[in-house]
Amino acid sequence: MLRKFLLCFVLLLIFAGDVTFAQSTPREVRLEAADRMQKGLYMDAIPPFMQLIEWYKDETEPRIITSMEMVYYNISICYFLTGQFDLSEKAFREYLKRYPHGFKTHDATVYIADCLRFREKHKKAIAAYEAADRRYSYTPNMQADIYSGIARSYLAEDNWADVIEPLKMVYINANDFLRKNWAATLLATAYLKELDLDNLYPLTPYILTRNSFASRSVAFNMAALEAADQLFGEERYKDALWVYRMVYPYDLIFVKTEEFLEFLNKRVDILRKINVRDPRTLIRLQETIGEVEAQLEALDEIDNYDKDLLFRIARGYMEMMRYREAGELFYYLHGITEGREADEALYTAFQCATMTPPWTKAYRIGREYMETYPGGEFFDPLTIMMGQLYAKEKNWPMVISHLTETLQINPQHSSGAECKFLLGYASFMEEQLKESIKWLTEMLRDYPKTELREPATYWIAMGYLFDGDYKNAASFFDIVLDNYPGNIYAEDGAYRRAVCSYGLSELEDSDKRLAAFVSQYPKNENVCEAILTRGDIAGAEGRLDEAVVYYDQSTTFTNLNIELYNHASFQAGKILVESEKYQETIDHYKKYIKRNREGSNIPLAVYWIGYSLWNGGQQGYAMKYYLTAVEQFGNKPDAIGVDMILDEWIGRAKRSDKDTSDLAWNELRDTYVDAVKRDEKTLTLRLKRTMLYNTNLSTNNRARIMKSMRDENSLQYASPAVCQFMLDTAVEDGDTPLAVKISNNIIDKFTETDYALDARMVLADNYIAQAQNTTETRKANELYDKAEEHLNIIREVYATSGEASQALIKLGWLYLSKGQYEESDECFKQVLGVKAWKPNWPEALYGRGECSFEQNEFTKASAYYERIYIMYSRYIDWVAKAYYKRAVCLQKMYQPDKAKEVIDEMLSNPETAATPEADEARELLKKLR
């Protein structure tokens, strides 16, 4: 590359001056040669130097020989700088021959090596450099040039193994940034080729420094890519990632190289103008320019690897489990690539996001992939993985939604079996049993050879079982037991199969299966339930003593859930009571109370002990026992059963003979006195409420107790029954503020109890009343919303109660007042759908009529009103309202005669004629006439 540069340089200088000096004096020729060389006209300087040599080549006079030393040296330099390396080498050798101990002998020796190198005689050049270094002592700067020449000779032969030592010498001796950084970069390149990372690490600052040769070196960056790929293949991911991070982007190399070439050319121009005394400075720049041009040519032959590099770095992060960095990089790559690369990048970003919970980002990227690449290569693995993640979170609605959409997009999903299995399982967990059975049955049909066949069969059986279809459940459990006897579902399947027989009333078969299950799987968690079920079967078949044994045995298992535990305990107790085994009943419930498992119904157990004592002839002791239990548990407000015991005590006291009753009330009074002394406020309030049922209580004492129980400060200690008593009293007295406070207290403390029902109704009525008394629409709607919240809870939580009917009625009127006619009509319609709520049907019909009336649907409204006075004539108030409103409807439908008939019929009935609506009807009748 230096030769190419110098030849161009020669063409610029070749015609610069005269070449004939025969008529000039030696002094004039010498001055002309020096002047031309000083001006950088090296080609022009050669002829005068040759003329001088021609004149004095055979001189023997020492003075002339000495004066000619620089002539021989300078003509060698001129040949060198004009790219005539063969002539330069000969000239330098002539110089050394004539002046073996000359002033420039050590420099000439290096130039000879340079000439050999530029003539591509690399081995001879290396030998010449090394010989020069051995023979002479050079400055560090010159030594850097010598070893640069050796290194370049090795590099020209692609000998990276031997280039390391000379590059080290350049790195040590160079006194300028360009050569030192050049050496460091090529040393790093050599180490990369050898995967010698230990020696590479110290060079990193030079590689990454600003304007580093590495930022322009194709060799370095290609070596780094290859080394990192090899390290990656050897699973040395940390090292691979580190090396990948050192690679400069292709576009940056191109820009940096062009900028550097421009800088070098400007530098050469400056040096030529200022006539640098040391020609090696110019030589170095010329050689560097040639290398830079070669870099640009090499870049043109290489494809842009920037995206591939980012993919490699991203995969490095991924293999090192730095999933956040990898995911961000892959997501970025998705945005700058196209086709399959973009598809894969987004999928891999999703994979990375799945490794860093929470999975919010994974779901977002997954949705983006589904929308962008519905037919993408990775659609199937991505969508099934999303489904699995939702399943891990037990987010069953999202499993169902996501996988349903997935199969709609790709019905031929490669993981279709697993999709449908997860859909079936999620549907089961959401108690969508028919959907569960449908999905799992489809899976078995569409994928007969799937490995999921066994669990699918089991969950189909479970779906039928929980749906109450014991026959189909039994058939599928039989498949599990017959075809897959060794699988993980066989054990549970054996128990469930017995339950199916029980559900089919095949009690004998169920009992045999349960006995076999208990014997074969004594450590199974369902053994306790199996034994309990055997107790139910024995009881149903009249084997009562056996049933009690099974029930008692089942309650010894700590994993029996509290509901079944209570069922077994109270079923055994019921059998003992019905068998009139009162002492055994007492012993049985005392053991139950002693165990006192969390969730035990202690008050009910106390009730049955008292019942057994009473019926066992110990009436007095029974009453005392009740009070003892009340005293023991009564100071806990949330011990709701205590209130039940006291209600039972009241009933027993009233039904007892006078002596027993008087004794019981006296004992209650003593218990009350003791509670007051112990400052047991909750028990005191409970006993006060009970004492109010004593018919012998004086008027003054009753008034005093009633007053004390109106104290709102007592609310913090009040039990549910006491709160209810206080609420009823406040409502009767019309004390709305107190009623609201009590209601809020009940809801806050006893939310899940039936006592909260009346409290919510009181609050709802209060909010509705406030809303009706305000003229500010926004505030009224806020109050209606609060009322609606309570009413909805009543109708949903207490769906079969009479209060639910009242809640629906109130909601109907509330929605009507807000103009929400569809919601209002639906509430009234629901009331009409329950026979037990028949007393509310007239009002519900009237409400539906009002909904139609407000929407100007007078024909429909008229029909509702007519049904009321035809079918529910005993509900006078509603009949009167219905007569009047039907007449109004007929008037609006332009049927005045029919309207008159309706009013006449209404007024002919003495009961309806006495209602407020009758007066309105009379006024309407006047208008109609």
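How many aromatic pairs does the structure hold? The model is a predicted one, and it holds 42 aromatic pairs. In one of them, the ring centres of Phe-421 and Tyr-425 lie 6.5 Å apart with the planes at 20°, so this pair is stacked. Planes under 30 degrees apart count as stacked. Both residues belong to helix α24, which covers residues 416-429. They are 4 residues apart, about one turn of the helix. Phe-421 is buried, at a relative accessible area of 13%. Tyr-425 is partly exposed, at 22%. The cut-off for a buried residue is under 20%.

Tyr-425 also pairs with Trp-459. Here the ring centres are 4.9 Å apart and the planes stand at 85°, so the geometry is edge-to-face. Planes over 60 degrees apart fall in that class. This pair links distant parts of the chain. Tyr-425 sits in helix α24, while Trp-459 sits in helix α26 (residues 453-466), and 34 residues separate the two. Trp-459 counts as buried, with 13% relative accessibility.

Aromatic residues also gather elsewhere. One aromatic cluster is formed by Tyr-72, Tyr-73, Phe-80, Phe-85, Phe-92, Tyr-95, Tyr-99, Tyr-111 and Phe-118. Charges sit over rings as well. The charged end of Lys-180 is placed over the ring of Tyr-171, 4.9 Å from its centre. Lys-681 lies over the face of Tyr-717, and the distance to the ring centre is 5.4 Å.

The protein chain contains 51 helices and 0 strands. Its radius of gyration is 52 Å, against the 30 Å that the globule rule gives for 929 residues. The value is well over the rule, so the chain is more spread out than a compact globule. The C-alpha trace spans about 165 × 85 × 65 Å along its principal axes. Buried residues account for 51% of the 929 residues. Contacts between residues at least 6 apart in sequence were also examined, and 56% of them join residues at least 24 apart.

Helix α36 was examined in detail. The helix runs over residues 640-655 and has 16 residues. At 1.5 Å a residue its expected span is 22 Å, and the end C-alpha atoms are 24 Å apart, which agrees. Its buried residues are Gly-641, Val-642, Asp-643, Ile-645, Leu-646, Glu-648, Trp-649, Ile-650, Gly-651, Arg-652 and Ala-653. Several helices help to cover these buried residues, including α34 (602-615), α35 (619-633) and α37 (658-677). Helices α38 (681-691), α40 (720-732) and α42 (755-772) are also included in that cover.

A further site centres on Glu-788. This residue is placed in helix α43, residues 777-797. Is Glu-788 buried or exposed? Glu-788 is buried, since its relative accessible area is 18% and the cut-off is under 20%. Its side chain makes a polar contact of 2.7 Å with the side chain of Tyr-815. Leaving aside residues up to four places away in sequence, Glu-788 touches Leu-811, Leu-814, Tyr-815 and Lys-818. Tyr-815 thus appears both among the residues touched by Glu-788 and as its partner in the polar contact.

Notes:
Residues are numbered from 1 along each chain as its sequence is written. This is a predicted model: local features need pLDDT of at least 70, side-chain atom pairs count only at pLDDT 80 or more; totals for chains, interfaces and linings use all residues. Side-chain values use heavy atoms; hydrogens and water are left out. Rings of Phe, Tyr and Trp (its six-membered ring) pair if their centres lie within 6.5 Å; planes under 30 degrees apart count as stacked, over 60 as edge-to-face and the rest as tilted. Buried means under 20% relative accessible area, exposed over 50%, partly exposed in between (1.4 Å probe, protein chains only). A charge sits over a ring if NZ of Lys or CZ of Arg is within 6 Å of the ring centre and within 35 degrees of the ring normal. The expected span of a helix is 1.5 Å times one less than its number of residues. Contact means heavy atoms within 4.5 Å. A polar contact is a pair of N or O atoms within 3.5 Å; within protein, one must be able to donate a hydrogen and the other to accept it, and residues adjacent in sequence count only if both atoms are side-chain atoms. The radius of gyration is taken over C-alpha atoms; the globule rule is 2.2 Å times the number of residues to the power 0.38.
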